[in-house]
Amino acid sequence: MIYCIGDIHGQKAMLDAALERVVKDGGANAPIVFLGDYLDRGPDSRAVLETLIDGVEAGHNWTVLKGNHDRYLVRFLEDPYFRDPNTRDRLGWLDARIGGRKTLVSYGVDASEERDNAAIGADALKAVPQAHVDFINARPLMHVTDDLICVHAGIRPGVALDDQVEDDLIWIRQPFLDDPRDHGRLVVHGHTVLEAPQHYGNRLNLDGGAAYGRPLTAAVFEGRDCWVLTDAGRVRLTP
């Protein structure tokens, strides 16, 4: 049995509630895989990241994967004008559609639009602890079990797991989303926002839109069978 939590996007209160549901269902030592995107759009990115860091340091059975939004913070600190080529329309991290300004505000940085990127970046370098950067950089890209491939965005169809590349694992949409083949294991991912989690048979998307105020999804897997955790208990999720 293993638990997965979808894209958090700075929603600390939702994360706390999801963790409570996991503990209620599986106990304090339940194994949890977090699917990435802890930052941006929501109000409490720093607190979310600190919760994850504290949990790992406390020895919780947590696997914290890297998402594209998490990497964007590191890339911005390296170059405040960086634009990830994988981003739709080549948007910068500070664009409201990406949500980086809200992350910086959670670190106490004045990220107002009147300031230029260089000034914001200089303040961000002082405000973001190096331990947070190191934590993001050290995140694994996949967690593989006998039955599941847990990953932020998905995998490149037809490519062996050992040959997958980071940009695909944290950014891919097509051709992964439309690929109907069985990947040998159920791929559990987030990244592509939905109104609610959905099971497609060969993959399962747990990004139910917490970034936009919808509920943060925590789910439990027994083999390839999945249940979403609610305050009232488990709800089966089927293709």
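How much space lies in the second largest pocket? About 180 Å³, in what is, keep in mind, a predicted model. Eleven names are worth having on screen here, because that is how you will find the spot, if we take the lining as listed: Arg41, Leu94, Asp95, Ala96, Arg97, Gly99, Arg101, Lys102, Glu113, Ala211 and Tyr212. By type, this lining divides into four nonpolar residues, one polar and six charged.

Now go to the largest pocket, which holds about 350 Å³ of space. It has 20 lining residues, and those nearest its centre are Arg41, His69, Arg88, Arg173 and His191. Arg41 should ring a bell, since Arg41 is also listed in the lining of the second largest pocket. The lining of the largest pocket breaks down into six nonpolar, eight polar and six charged residues.

Next, some backbone oddities. Follow the loop between helix 7 (166–171) and strand 6 (186–189) and you'll come to Pro175. The peptide bond leading into Pro175 from Gln174 is cis, with omega near 5°. Two aspartates also deserve a look. Asp37 sits in the loop between strand 2 (32–34) and helix 2 (45–57), and its phi is near 60°, a positive value in a residue that isn't glycine. Asp89, in the loop between helix 3 (68–78) and helix 4 (100–106), has a positive phi too, of about 65°. Are these two aspartates buried or exposed? Asp37 has 1% relative accessibility, so it counts as buried. Asp89 comes out at 56%, so it counts as exposed.

On to the interior. In soluble globular proteins, nonpolar side chains tend to be buried together. Here the largest nonpolar core has 59 residues, and the members touching the most others are Ile5, Phe34, Tyr38, Leu104, Val188 and Phe221. Helix 3 supplies the largest share of this core, with five residues. Apart from it there is another core, of nine residues, among them Ile149, Ile155, Phe176 and Val187.

Phe221 is a good place to stop and look around. Setting aside neighbours within four places in sequence, Phe221 is in contact with Met1, Ile2, Cys4, Leu148, Leu186, Val188, Leu204, Leu206 and Cys226. Val188, in that list, is another of the core members that touch the most others.

Two cysteines turn up among those contacts, which raises the matter of disulfides. How many does the structure hold? Zero. Cys150 is in no disulfide, and its nearest cysteine sulfur, that of Cys4, is 3.8 Å away. A disulfide would need the two sulfurs within 2.5 Å. Why is Cys226 unpaired with Cys4? The closest cysteine sulfur to that of Cys226 is indeed the one in Cys4, but at 8.0 Å it is too far for a bond. Cys150 has 0% relative accessibility and so counts as buried; Cys226, at 1%, counts as buried as well.

Last stop: Ala30, in the loop between helix 1 (12–26) and strand 2. With a relative accessible area of 4%, Ala30 is buried. What does Ala30 touch, not counting residues up to four places away in sequence? Tyr3, Val22 and Asn61. As for Ala18, it is twelve residues from Ala30 along the chain, and the C-alpha atoms of the two are separated by 13 Å.

Note on methods
Residues are numbered from 1 along each chain as its sequence is written. This is a predicted model: local features need pLDDT of at least 70, side-chain atom pairs count only at pLDDT 80 or more; totals for chains, interfaces and linings use all residues. Side-chain values use heavy atoms; hydrogens and water are left out. On a 1 Å grid over the protein atoms alone, a cavity is a set of points where a 1.4 Å probe fits but cannot get out, and a pocket is an open set with protein on both sides within 12 Å along at least five of seven lines; lining residues have an atom within 4 Å of a point. Grid points are joined across faces, edges and corners, and a volume is the space filled by probe spheres set on the points. Ala, Val, Leu, Ile, Met, Phe, Trp, Tyr, Cys and Pro count as nonpolar, Asp, Glu, Lys and Arg as charged, and the others, Gly among them, as polar. Helices (H or I, at least four residues) and strands (E, at least two) are DSSP runs, numbered from the N terminus. Buried means under 20% relative accessible area, exposed over 50%, partly exposed in between (1.4 Å probe, protein chains only). A nonpolar core is a set of buried Ala, Val, Leu, Ile, Met, Phe, Trp, Tyr and Cys residues joined through side-chain atoms within 4.5 Å. Contact means heavy atoms within 4.5 Å.
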